Amino acid sequence: MSKQIHEFNDIIRKLRKSLFGKGPDRIHTVFVNDMAISTLYGNLSPSEQFIARTPEGKEMVHAARTRMIQSVYASAAPEGMEKIVKAKFVHLFSDIKIEDDIAVSVFLFDRPIDQSGQTGENIDETR
């Protein structure tokens, strides 16, 4: 596994765990030009799963998961993220499908991500 992707995924996991009480079980990240595209599996806490059993609860969990993470990234990139990819963080696009407990985050940077000396950009990390 690429050390760069492993470290990037670790930042995502730790931030989401500190915000929501549970980080994703598995993250799959690819770097494409000036983007890091991460698919996150197993995001919801047992409480969120319970709340999401009704349509109103599902909407509430969706709004919390998408708006909260976007507001955190709007203020600043997580510590160490820009150093790992050697580019300045510009914006996060994020969504979650509550029914399948899958989220996708697209991190946009100011220039192509430096992958020099890196192999295995298309890594599926399981923990």
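**Note on the predicted model**

1. **R26 and Y41.** The charged end of R26 sits over the ring of Y41, 4.0 Å from its centre. The two residues are also bridge partners, Y41 being the one in β2. The model is a predicted one, and what follows should be read in that light.

2. **Confidence.** The average pLDDT of the chain is 90, and 91% of the residues score at least 70. Confidence peaks in β2, at 98, and is lowest in strand β5 (residues 123-126), at a mean of 41. Residues 117-127 have a pLDDT below 50. Beyond near neighbours in sequence, that stretch still has 33 contacts in the model. I would keep those contacts apart from the points below.

3. **Annotated region.** An unreviewed UniProt entry carries the annotation "domain: Na+-translocating membrane potential-generating system MpsC" for residues 6-111. Over residues 6-111 the chain is 44% helix and 29% strand. The end C-alpha atoms of this span are 20 Å apart.

4. **β1 and β2.** Strand β1 (residues 26-32) pairs with strand β2 (residues 35-41). The sense is antiparallel, and there are seven bridges. R26 in this pairing has Y41 of β2 as its bridge partner. The two strands form a hairpin with two residues between them. N33 lies in the turn and has a positive phi of about 50°.

5. **β2 and β4.** β2 also pairs with strand β4 (residues 102-109), again over seven bridges. This pairing is antiparallel. M35 stands opposite L108 in β4.

6. **β3 and β4.** Eight bridges join β3 to β4, and the strands run antiparallel. L92 stands opposite F107 in β4. Four residues lie between the strands of this hairpin. D101 takes a positive phi near 55° there.

7. **Two positive phi values to check.** Most residues other than glycine have a negative phi. D101 departs from this, with a phi near 55°. D101 is placed in the loop between β3 and β4. Is D101 buried or exposed? D101 counts as buried because its relative accessible area is 13%, under the 20% limit. K86 is the other case in this point: its phi is positive, about 55°, and K86 is not a glycine. K86 belongs to the loop between α4 (81-85) and β3 (89-97). K86 has a relative accessibility of 47%, so K86 counts as partly exposed.

8. **Aromatic pairs.** How many aromatic pairs are there? The count comes to five. One of them joins F8 and F31, edge-to-face, at 5.5 Å centre to centre and 90° between the planes. F8 lies in helix α1 (residues 3-20) and F31 in strand β1, so the pair ties together parts that are 23 residues apart in sequence. F8 and F31 are both buried.

9. **Y73 and F107.** This aromatic pair is edge-to-face, with 5.5 Å centre to centre and 65° between the planes. Y73 belongs to helix α3 and F107 to strand β4, so their pairing ties together parts 34 residues apart in sequence. Y73 is buried, as is F107. F107 also takes part in the strand pairing of point 6, where F107 stands opposite L92.

10. **The ring cluster.** Which residues do the ring pairs link into a cluster? They are F8, F31, Y73, F89, F107 and F109. Both pairs described above fall within this cluster. F8 brings in helix α1 and F31 strand β1, while Y73 brings in helix α3 and F107 strand β4.

11. **R65.** R65 is found in helix α3 (residues 55-75). Why does R65 count as buried? The relative accessible area of R65 is 3%, and buried means under 20%. The charged end of R65 sits over the ring of F20, 4.0 Å from its centre. R65 touches F20, K22, N43, L44, S45, E48 and I96, leaving aside residues up to four places away in sequence. F20 is thus named both as a contact of R65 and as the ring under its charged end.

Definitions and conventions:
Residues are numbered from 1 along each chain as its sequence is written. This is a predicted model: local features need pLDDT of at least 70, side-chain atom pairs count only at pLDDT 80 or more; totals for chains, interfaces and linings use all residues. Side-chain values use heavy atoms; hydrogens and water are left out. Buried means under 20% relative accessible area, exposed over 50%, partly exposed in between (1.4 Å probe, protein chains only). Contact means heavy atoms within 4.5 Å. Two strands pair if DSSP finds at least two bridges between them. UniProt positions are given in the numbering used here, feature names are shortened, and annotations may be inferred rather than shown by experiment. Rings of Phe, Tyr and Trp (its six-membered ring) pair if their centres lie within 6.5 Å; planes under 30 degrees apart count as stacked, over 60 as edge-to-face and the rest as tilted. A charge sits over a ring if NZ of Lys or CZ of Arg is within 6 Å of the ring centre and within 35 degrees of the ring normal. pLDDT is the predictor's confidence in each residue, from 0 to 100.
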